[in-house]
Amino acid sequence: MSPHAPGPIEQFVAFVRRRVNLHLLWTTLIWTAAAGAGLVTAVSLVYVLQGYAVPGGWVAATLLAAACGGAAAWFWHRLSDEQAAQYVDRFYGLKDSVASYLHFTREGRRDGFYELQANYTQRQVGELSPEAIAYRAPRRGLMLAAGLTAVALPLSLRGPSDEVVQRQQQEQAVQLATETSNKELLEMVEELREEVKDPFEKELVDPDKLRKMVESLEATKDQKEALRQYAQLERELNKARMAIQRKKDEQLLEKAAEKLQEDRESKQLGEQLQQKKYDKAADELASMKTEASKPLSEQRKQLAKLKAASQRMAAAAKANKSASQGKESKSGEQSNSKSAAAKDAKGGSGAAGESGASSGSSGGELGENLEELAASVQKLDESLAEAERQERETGKCDSKSQSQCQACQASVDKQLSKLCQGLCKLGIRREADKKLCKLCEKCSNCQSMCNGLCQSNSPNAGGKKAGKGTNTARRNATDELVDNSQTTQLQGQKGAGPSLTTVESADEGSGVSNRRTAAKQREFKRQFESFVEREDVPAQVRDGVKNYFQLIHQMESTPAVEAEGDAAE
């Protein structure tokens with residue numbers, strides 16, 4: 001036999017080693033299955049308690065991790081040759097014979113005593129059978145693996161809850177709604193870019209800035225984030241609108257329109273200002289411009305209409321200016337009183353009140369323009385009147401009057417051009433404000449749509465669906481009417497109260513008419529039956545009570561008959 005060939009003892013030890021390692025493998029598989037089922041149960045509970053379905057990837061990853069851990073544990077705990085020899089000695093009671101034999105053989109000790117020990121060990125091993133090493137499965141591991149598997153399987157296969165399904169549907173709806181809304185907003189901005197042609201309007205609106213603001217919107221499935229970004233965009237658009245609007249100028253022109261509508265000649269101009277058609281109003285004012293080439297009498301006739309209109313507009317500007325100064329003086333007095341009180345209490349200087357009292361506005365640039373136009377028209381009218389008087393008396397006017405008329409005419413033309421230009425710009429501002437207002441309305445619609453999607457997908461949302469009802473026609477029992485000796489006197493006028501029937505008027509159009517009725521007759525019938533059928537009087541005294549009431553009725557009827565006989569006599 002070759003010195004390197006395994007002997008009977010080595011073969012026996014190798015066979016035992018394979019058998020024990022196989023038993024260890026089965027045990028490891030059982031505990032690995034228990035550990036894997038436990039991990040799957042834990043992961044499933046994390047998702048199920050939140051209402052979500054367990055992702056298959058997590059289940060596969062958990063089982064793979066458990067398998068890798070079990071393989072590593074088996075590889076770490078499997079028996080080596082020395083451990084298998086010690087197991088043989090311990091299991092068969094050989095008192096370290098096999099382990100000693102392997103130790104001596106590995107060191108090359110084969111003569112003398114070592115040969116006798118080897119022969120003795122070989123004889124003992126030859127009488128042994130490896131099948132005596134039976135496998136004993138771990139009962140606790142089997143029960144634990146079976147129980148955890150029974151729990152893990154339904155949990156891992158459980159679908160999402162109704163709330164999660166509704167929330168996911170809501171998130172998908174919000175995602176789609178935000179994508180659609182962002183696309184529509186971008187299209188509106190592109191349309192606005194094409195509509196804006198005037199340089200001043202383009203400066204007010206700034207389509208490039210609007211496009212950047214809309215492009216910053218992101219499609220999201222979070223309802224709060226969607227509402228936040230649309231609210232932020234609407235807030236920015238409102239800021240831009242506030243920078244564009246000239247509310248004080250519009251209010252001043254409304255007052256001027258009321259004044260202008262009092263006169264027949266300036267009524268058309270007043271209506272245009274009242275309707276906020278500022279471009280047409282500017283054209284109307286430009287048509288009132290006098291022509292210096294015409295005779296003086298014709299110029300004065302043309303100027304009369306502009307004079308009347310300018311005086312009325314200037315009167316409105318002065319009234320508005322005095323009203324604003326009155327408000328500022330009141331606010332200044334209040335701030336002065338507050339600052340004085342603070343000065344008495346804390347020793348303050350009260351500068352805030354002084355500054356508030358002295359910071360009165362002059363009525364605005366438009367008001368000043370209206371007043372200056374009225375003054376210039378008045379001067380031009382006086383200059384034309386003087387020139388006309390000289391022409392009527394001497395046949396011509398001197399150069400001084402002509403130069404004065406030309407200067408006044410130039411001043412009127414300047415103020416009138418300035419007013420017309422201001423009206424045109426105010427009209428452009430109004431158009432730009434309308435375009436931004438459309439974007440603001442679209443942002444509001446987007447927010448309303450997001451809120452509507454969330455409310456329609458909520459579990460408490462209302463709607464027409466199946467419910468519960470009762471059929472009162474099958475009711476056999478009667479309600480007992482108990483007399484508690486508490487009476488109430490009804491007061492009021494018959495017929496002067498709410499009725500059981502109502503008349504409702506519908507909108508015009510086609511439809512089906514119906515009548516709303518209430519089941520009052522059946523309720524009154526039940527109440528009357530219960531009143532008639534009540535038995536408050538005991539049975540043993542019922543006859544006596546009946547006779548008592550009959551005697552009372554007879555006594556009441558007898559005096560009535562006698563009274564009738566006396567009256568006949």
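## A helix and its surface patch

Helices here are DSSP runs of H or I with at least four residues, numbered from the N terminus. With that in hand, let's look at this predicted model, starting at helix H1, which spans residues 8–49 and holds Leu22.

Leu22 joins Trp26 and Leu29 in making a nonpolar surface patch of about 310 Å². How exposed is Leu22? Its relative accessible area is 44%, so Leu22 counts as partly exposed, a class that falls between the cut-offs of 20% and 50%.

## Two nonpolar cores

Moving inside, we find that the largest nonpolar core has 35 residues. Leu269, Leu273, Leu285, Leu419 and Leu423 are the ones with the most contacts within this core. At least two of its residues come from each of these helices: H11 (247–260), H12 (267–274), H13 (278–287), H14 (296–346), H16 (364–394) and H17 (399–456). The most generous of them is H17, which gives eight residues to this core.

Take Leu273 as a closer example: beyond its neighbours within four places in sequence, Leu273 is in contact with Leu253, Ala257, Leu260, Tyr278, Ala281 and Leu423. Another core lies apart from this one and has 26 residues, including Leu185, Val196, Val205 and Ile244.

## A buried aspartate

Our last stop is Asp263, found in the loop between H11 and H12. Which side chain of opposite charge is nearest to Asp263? That is Arg312, 4.2 Å away. Asp263 is buried and has no salt bridge, because a salt bridge requires a side-chain nitrogen within 4 Å of a carboxyl oxygen. Setting aside neighbours within four places in sequence, Asp263 is in contact with Ala308 and Arg312.

Definitions and conventions
Residues numbered from 1 in each chain as written. Predicted model: local features only at pLDDT ≥ 70, side-chain atom pairs only at ≥ 80, totals over all residues. Heavy atoms only, no water. Patch = residues over 30% accessible without salt bridge, like charges linked within 9 Å, V, L, I, M, F, W, Y side chains within 5 Å. Areas by Shrake-Rupley, 256 points an atom, 1.4 Å probe, with all protein chains shown as cover. Buried < 20%, exposed > 50% of the residue type's maximum accessible area, 1.4 Å probe, protein only. Core = buried A, V, L, I, M, F, W, Y, C linked by side-chain atoms within 4.5 Å. Contact = heavy atoms within 4.5 Å. Lys, Arg positive; Asp, Glu negative; His and termini not counted.
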